[in-house]
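Got the model open in your viewer? Switch to cartoon view, keep the side chains ready, and follow along one selection at a time.

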Amino acid sequence: VLDPAKPAFTRAAMVTTLGILAILVLGHPQARALLGPNIGGFIASLQVDRLTEFDAQQADRGYYDALMTTNSITTQTGGGGVQRPPDWKALRGSDIVEFSDDMFMYRLRPSVTSTFKRAPITINQWGMRDQEYERAKPDGTYRIALLGASVEMGSGVDDHETFEAVAEERLNQEWAGRDSTFARYEILNYSVGGYSALQHLPLLEEIIPFSPDLVVYTGHTVEDYRMLSLLVELVQSEVVMPDHLATIVERSGAQSSMSEAELHQRLDPLAEEILRDYYIRIVARCREAGVIPIWVYVPRTTEDTDPIGDEVSAEDDAMSIESLMALASEAGFLVMDISDAYDGVSDIEGELFIAPWDDHPNAYGHQLLSNRFYDVLLENRAAIGLIRQGNDADLASPSPLN
């Protein structure tokens, strides 16, 4: 019996303890059965493990977190078993994101300057990891919008070291103002770690008002994993989906009450169908807005390994490079490939990783990506409108930067 004379804190603690013990006891299936279906069902619902927003930000999501925030499992254990230090946070556990209850799930926080993976990071007023741009495109400007994930966002490198920033600077230094070219080139970086086609399609509605001439969609071999992991989370969180996606999810039989493993079992076989649908919709929306859509394959530093670090062949991948390229081409993208960006690098981990425990490309890796990205833009300059109408015979590309 509780003694009313005891301090309030002690009484509260005892009541809380007794309540927890009661829930644990009543949580036993046999005890719930004695209470009947209504009360027993209510008690059972109290035991469902639903993370708070804080827990969701802080929890180590294991395999899912690895795929959503890095190229491979090395973000958790590191190459060669090196442990990730405590300050090496996943994107969703950092101070540069804010959470939402829509298809995006999380966004980069606008107008933020911080540090991410020990590198300075600046988010502009529009929520891009980039310098500031005006919404209205300046006269004489060729504008590119980049859609990507953690590599394109530049996890672990300085603002000016991302491959899009390097390519933008080079375009302006070497081509801006020349005959048959534009006065200025801009690459707006809409990339966010963990994003996939599911977010890139609605993101187009924010991109189009900036009047881009070209949308660059970057593909990776883990794109289907990233997309499906997000879809599982969307189902679990009961987020309202667009009709075309909700129809596919309903057909799969996926329900929010199911375990993550069961949701994957139901949804994984539909990965190619979902990705194809989103590719077609992205291309159609770009064409409708008068924007040229291109799809560029960007290699991971660990391209010869699967997402958990085991050697695999192309046939063993959930979706091979060839399959992704075929999907993109069939959807109407102009497909480009920079998979050879790291050719010639003998020590991938030592020369390209941002840290022994994280295989995102470092500044040198971004420079190599930039060289190849720059090259394919120039090689396809007529098809993508990178030059004005006229003779471009003198536009031979200078040597890559070292």
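Start with helix α14, residues 321–331; helices (H or I, at least four residues) and strands (E, at least two) are DSSP runs, numbered from the N terminus. Show its side chains and pick out L324, M325, L327, A328 and A331, the buried ones. Buried here means under 20% relative accessible area, exposed over 50%, and partly exposed in between, with a 1.4 Å probe and protein chains only. Because these residues cover an arc of only 160° around the axis, they sit on the same side of α14; the arc is taken from the directions from the helix axis to the C-beta atoms.

Now spin to the face turned away from that buried side: exposed E322 and E330 are there. Go back and select what covers the buried residues, which includes α10 (223–236), α13, β8 (292–297) and β9 (334–337). Just past the helix, click G332, which follows α14 and has a positive phi, near 110°.

A word on what you're looking at: this is a predicted model, where local features need pLDDT of at least 70, side-chain atom pairs count only at pLDDT 80 or more, and totals for chains, interfaces and linings use all residues. Residues are numbered from 1 along each chain as its sequence is written, and side-chain values use heavy atoms, with hydrogens and water left out.

Next, the nonpolar cores. A nonpolar core is a set of buried Ala, Val, Leu, Ile, Met, Phe, Trp, Tyr and Cys residues joined through side-chain atoms within 4.5 Å. Select L198, L231 and Y279: of the 65 residues in the largest core, these touch the most other members. Helix α13 (residues 271–288) gives this core its largest share, 8 residues. Which residues does L231 touch, not counting those up to four places away in sequence? Look for L198, M241, L245, V249, L267 and I274; contact means heavy atoms within 4.5 Å. Another core, of 31 residues, lies apart from it, with I144, L171, F182 and L214 among its members.

Last stop: strand β3, residues 112–116. V112, S114 and F116 point to one face and are buried, while T113 and T115 point to the other and are not. Add strand β4 (residues 119–123), which pairs with β3 in the antiparallel sense over 5 bridges; strands pair if DSSP finds at least two bridges between them. You'll find P120 of β4 opposite T115. The two strands form a hairpin with 2 residues between them, and K117 in the turn has a positive phi of about 55°.
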